[in-house]
Each structure stands twice: as structure tokens, then as C-alpha cells.
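The following note is meant for a colleague who is opening this structure for the first time. Please keep the model on screen while reading the numbered points.

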Amino acid sequence: IKLKIMFRICHTQKLSYRKFCTLVTNNNVSLFQIPVNLGQPLLGPDKAPGLLLEHGLIDILKSNNWNVKEMPVIDSNGIIYENPNTTLHAKNCDEVGQICERAYNAIYPEAITNNFILILGGDHCIPIGTIPAIQQARKSVGVVWVDAHGDINTPEESISGNMHGMPVSFLLGLVDAHTFPSMKWFKPCLKPEDIVYIGLRDLDKAEKILIKKLGIKAFTMRDVDKYGIGRIMEECNDYLDKKQHIHLSYDIDCIDPFFAPSTGTAVRGGLTFREGNYICEEIFSTGKLSSMELVEVNPNLHETVDQKRTIEMANTLISSALGQEILDRNNHVFKDN
């Protein structure tokens, strides 16, 4: 117990040296909705962006002094998951390629401004379009991938063929995207050292091999249990210290289903309410967080009370990432000597 108390004191003292700001100095948020289900087999993620807004997200952002610029919705024009047979073993790859190209073309012009880019999914196939746009516009971008899963399966190794489990492999260039329908526009944009995983707890065998082989910085739930989320975030922020920007790709299934049950690939043993929010708070505190996507909320699952709990969890995470504070950060209990 004494060791834990000492760690908390030391950690708090270190925090007081940090800048609590963001590179986005104009207080503008460009808000994108990408309501798609195409990367996985369940209907419902397409409803999430609208419900997040209905539950007060814009008011939450405004209360944190953000001006919200709502962008046109990037939808799939009624395309649904049809589970087609394909030799590429990447279901709906044609449709996913089209929607991700639309996302790229819509987000890039906003990313070259100084606005914060906030993206509401939808499932986790959308980074195939969102992250290339942000990386192309802002260059030196580190990606914090908060997820129960690695999402680094290649089509050849994927068990399900669902593309929400493949975006990292595309972004790293592990897949020849140009052999896929509607992916001629795509260019890999990340290197292994650009990525930090947090919250992993459900990895396929091939993903474990790839993450280790590529040397990607990865913190599993065992690491969170052993070291605490405070130390994990210190390591994460130090690792990305030379990056000019940070993009946060946040899958709601990283949160334990007790706190966020309405998601399609829930796995027990996840982050707590506070651990999930602390990640967002600490990345914001670096002053480098300039874009975020929140994905995989599925309001069709565990409707009514549990649905509301998940939506409120998602809005709280977004709020924390954009500067919501429990108390003014200058008001620390522990003072520097």
C-alpha cells in the first residue's frame, strides 16, 4: 500500500510540470459522422453518431469552450453487410474502400486547418480512410490505438474476414491494398513506431506474432493491472514525445462491458470507467492531441438502460479527450518542492 501511495505522489508531482493545452488554438472542432456497419456483421453502429449527438455531445463540447463545425455526414448510401463470397477474404471490401475514400476526401481539407478533428463511427474499419487523411495533412502523427483487439489481421490470416479487424495492417502496408476493389486511392501511412496500443486483451495468434515481430509498443490489460494506468500513460506519452500530433483511435470495447455493454465484440476484463477516461485526460495533457475517432458503439445491443450507459460512457470519453476536468489542474494536492 505504501508503494502505491508513493507512486501516486510521484506521478502527481510529474504531472504538474506538463502543459495542459492542445495544439488546436482556435477552439474549433470539425465534427464528422461516419455511420457505417460494413466492417463487421452486426447492424447498429450506424446509429451511434446520431445517438451521441442526441445525448448532448455538442452541448458538452460547447461547455468546454469548443466551437463545433458539423460536417456533412459520410454515409454508405444504404449499403448493408451482405457477407459476399470473395477470394480476398475481406468482406465488403469494395464498399469499405468506397466509404473510406469518401472519409479521406472529406477529412483532409479540415485536417490542413488548425481545427480539432472529431470523428464518430461507425465500426473500426474507418481508420483506413481517416488516419491517412490526418497523416497526409499534419505529417508527424503518433497514433494511440485504445482497443481490446489489435485490428492488425491481414485478410489471409483473419479468421472472420471482417474488415474492422484489419485497419492497422492496411495502414502499415502489410496488405497490397491496390489488389482490392475501390482501394486504388489508398497509400500506407504508418510505421510500427508510430503506434501505441493500450488495453489489448483479445488477440488472434497471427496478431500476437505480428505485433511482436514489428516491435509495436503495446500495453495489454495485464500491463495495466501490473503497473497501473498512470505509469502506462507516462510511458505512452514519453514514447510519442517527438511526434508533433497525436491521433486517438478509441474503440469502446476497450472498456469493460460492465461500463459499456453495447458493443459488438465485448470482452470481459477491460478498462474501468476511470482508467478509460484517464487515458483521454493524459493524452490531452500532452498538448499534442489534435484528432480523435470513437467507434464500435452499437445501440442495438443491450437496449434501454445499458444502451444509455454505453452512449454516456462514449460522450464522457470524448469530453475528457477535449479537456473536461474534474478540477483545475493547477489545483494539485501535492505541490512541487
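1. A residue is called buried here if its relative accessible area is under 20%, exposed if over 50%, and partly exposed in between, with a 1.4 Å probe and protein chains only. By that definition, buried residues make up 56% of the 337 residues in the chain.

2. Some words on the basis of this note: the model is predicted, local features need pLDDT of at least 70, side-chain atom pairs count only at pLDDT 80 or more, and totals for chains, interfaces and linings use all residues. Residues are numbered from 1 along each chain as its sequence is written, and side-chain values use heavy atoms, with hydrogens and water left out.

3. The chain holds 11 helices and 8 strands, where helices (H or I, at least four residues) and strands (E, at least two) are DSSP runs numbered from the N terminus. Contact means heavy atoms within 4.5 Å, and among contacts between residues at least 6 apart in sequence, 78% join residues at least 24 apart.

4. Aromatic pairs deserve a separate look; rings of Phe, Tyr and Trp (its six-membered ring) pair if their centres lie within 6.5 Å, and planes under 30 degrees apart count as stacked, over 60 as edge-to-face and the rest as tilted. The count by this rule comes to 7 aromatic pairs. One of them joins Y104 and W185, a tilted pair with 5.7 Å from centre to centre and 45° between the planes. Since Y104 lies in helix 4 (residues 93-111) and W185 in the loop between helix 6 (167-171) and strand 5 (195-200), the pair ties together parts that are 81 residues apart in sequence. Y104 counts as partly exposed at 22% relative accessibility, whereas W185, with a relative accessible area of 19%, is buried.

5. What kind of pair do F170 and F180 form? The pair of F170 and F180 is edge-to-face, with 5.4 Å between the centres and 70° between the planes. F170 lies in helix 6 and F180 in the loop between helix 6 and strand 5, so this pair ties together parts that are 10 residues apart in sequence. F170 is buried at 0% relative accessibility, and F180 is buried at 5%. Ring pairs link Y104, Y108, F170, F180, W185 and F186 into a cluster.

6. Helix 4 also packs against helix 5 (residues 127-138): their axes come within 7 Å and cross at roughly 30°, the axes being lines fitted to C-alpha atoms, for helices over the stretch in contact, with angles that run from 0 to 180 degrees between N-to-C directions. Helix 4 and helix 5 are therefore roughly parallel to each other, a term for angles under 35 degrees, while those over 145 count as roughly antiparallel, 65 to 115 as roughly perpendicular and the rest as oblique. The crossing is right-handed, which means that the near helix is turned clockwise from the far one by less than a right angle, anticlockwise being left-handed. Among the residues that meet are Y104 and Y108 in helix 4 and P132 and A133 in helix 5.

7. A second helix pair consists of helix 9 (residues 229-239) and helix 10 (residues 273-285), which pack at an angle of about 30° with their axes 10 Å apart. Helix 9 and helix 10 are likewise roughly parallel to each other, and their crossing is right-handed. In helix 9, I229, G230, M233 and N237 meet E275, Y278, I279, E282 and I283 in helix 10.

8. The backbone should be checked at G121 and G122, where the peptide bond from G121 to G122 is cis, with omega near 20°. G121 is found in strand 3, and G122 has its place in the loop between strand 3 (116-121) and helix 5. G121 is buried, with a relative accessible area of 2%, and, leaving aside its neighbours within four places in sequence, G121 is in contact with I34, P45, A48, P49, I126, L294 and V295.

9. Two residues other than glycine should be inspected for their positive phi: N92, at about 60°, and E296, near 70°. N92 lies in the loop between strand 2 (67-70) and helix 4 and is buried at 2% relative accessibility. E296 is found in the loop between strand 8 (289-295) and helix 11 (305-321), and E296 is buried, with a relative accessible area of 2%.
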